[in-house]
Amino acid sequence: MSFDYLALGAGGSGFNTLDIFATLFFFIVLMVLLKKFAWGPLMGIMNEREQLVASEIEAAENSRLESQKLLDEQRELLKQARTEALAIVENAKKQGDVSREEIMTTAREEATRLKESAVREIETEKARAIAAVREEVVSLSVLAASKVLEKEVTEEDNRALIEATIAKAGEAK
């Protein structure tokens, strides 16, 4: 079976205007149907998809901007925290230096006070010792003088008396 009659101009008889109009009519009907049932919904879907993609791009850009803003805020907070930490450390060092100086000054003053107190105490004890030795010497001198006056002393007795007085003075210390 030959289908040559279906092909345009296959019959060899030239132009077939009926075929041309039929083809043109079916083409226009097909275009109208495609526009109504396929092209309109297809373009609607394409427009929805375009709007969806645009909104997702906008949301992604907003999210990126928000993330950048938060990152900048976090960096600023971290910078402030570092600055505050350095200030706290510096303040602690200064207070430590001040405390150390106060302690050193107090210790020096206490050492000076203790030294002066010890010197005064030594001077007082020295004065007491000298006074005690003077009293002892006076009492020994009086004792020696009274013994000398009691009896006539020979040179040997005088020497023995002096040695006894010196020995007694050595025992008193």
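In this predicted model, the secondary structure boils down to two helices and zero strands. Helix 1 takes in residues 17–150, and most of the features described below sit on it or are read off against it. Burial is scarce: of the 173 residues in the chain, just 2% count as buried. The exposed area adds up to about 15,600 Å², with carbon and sulfur atoms supplying 63% of it.

Towards the start of the numbering there is an annotated stretch. An unreviewed UniProt entry marks residues 20–39 as a "transmembrane region". In the model that span is 100% helix and 0% strand, and its end C-alpha atoms lie 25 Å apart. A nonpolar surface patch of about 780 Å² turns up here too, put together by Phe-21, Leu-24, Phe-27, Ile-28, Leu-30, Met-31, Val-32 and Leu-34. Leu-30, one of the patch residues, belongs to helix 1. With a relative accessible area of 46%, Leu-30 falls short of the 50% that exposed residues exceed, so it is classed as partly exposed.

Aromatic contacts make a short list: searching the whole structure gives one pair. The partners are Phe-25 and Phe-26, whose ring centres are 5.5 Å apart; their planes meet at 65°, so the pair is edge-to-face. For Phe-26, the relative accessible area is 54%, which makes this residue exposed.

Charged side chains come next. Side chains of opposite charge can pair when their charged atoms come close. A search of the whole structure picks up four salt bridges, among them the three taken up here. Arg-100 and Asp-97 form one of them, at 3.2 Å from N to O. These two residues are about one helical turn from each other because they sit three residues apart in helix 1. Both ends of the bridge are partly exposed, Arg-100 at 47% relative accessibility and Asp-97 at 40%.

Glu-110 and Arg-113 make another bridge, with an N to O distance of 2.3 Å. Here again the partners lie in helix 1 with a spacing of three residues, about one turn of the helix. Glu-110 has a relative accessible area of 34% and is partly exposed; Arg-113, at 44%, is partly exposed as well.

Further along, Arg-128 meets Glu-125 in a salt bridge of 2.9 Å, N to O. The two are three residues apart in helix 1, about one turn. Arg-128 counts as exposed at 54% relative accessibility, whereas Glu-125, at 42%, counts as partly exposed.

Conventions. Residues are numbered from 1 along each chain as its sequence is written. This is a predicted model: local features need pLDDT of at least 70, side-chain atom pairs count only at pLDDT 80 or more; totals for chains, interfaces and linings use all residues. Side-chain values use heavy atoms; hydrogens and water are left out. UniProt positions are given in the numbering used here, feature names are shortened, and annotations may be inferred rather than shown by experiment. Helices (H or I, at least four residues) and strands (E, at least two) are DSSP runs, numbered from the N terminus. Buried means under 20% relative accessible area, exposed over 50%, partly exposed in between (1.4 Å probe, protein chains only). Accessible areas come from the Shrake-Rupley method with a 1.4 Å probe; for residues, only the protein chains shown count as cover. Patches are made of residues with over 30% relative accessible area and no salt bridge: like charges are joined within 9 Å, nonpolar side chains (Val, Leu, Ile, Met, Phe, Trp, Tyr) within 5 Å. A salt bridge is a side-chain nitrogen of Lys or Arg within 4 Å of a carboxyl oxygen of Asp or Glu. Rings of Phe, Tyr and Trp (its six-membered ring) pair if their centres lie within 6.5 Å; planes under 30 degrees apart count as stacked, over 60 as edge-to-face and the rest as tilted.
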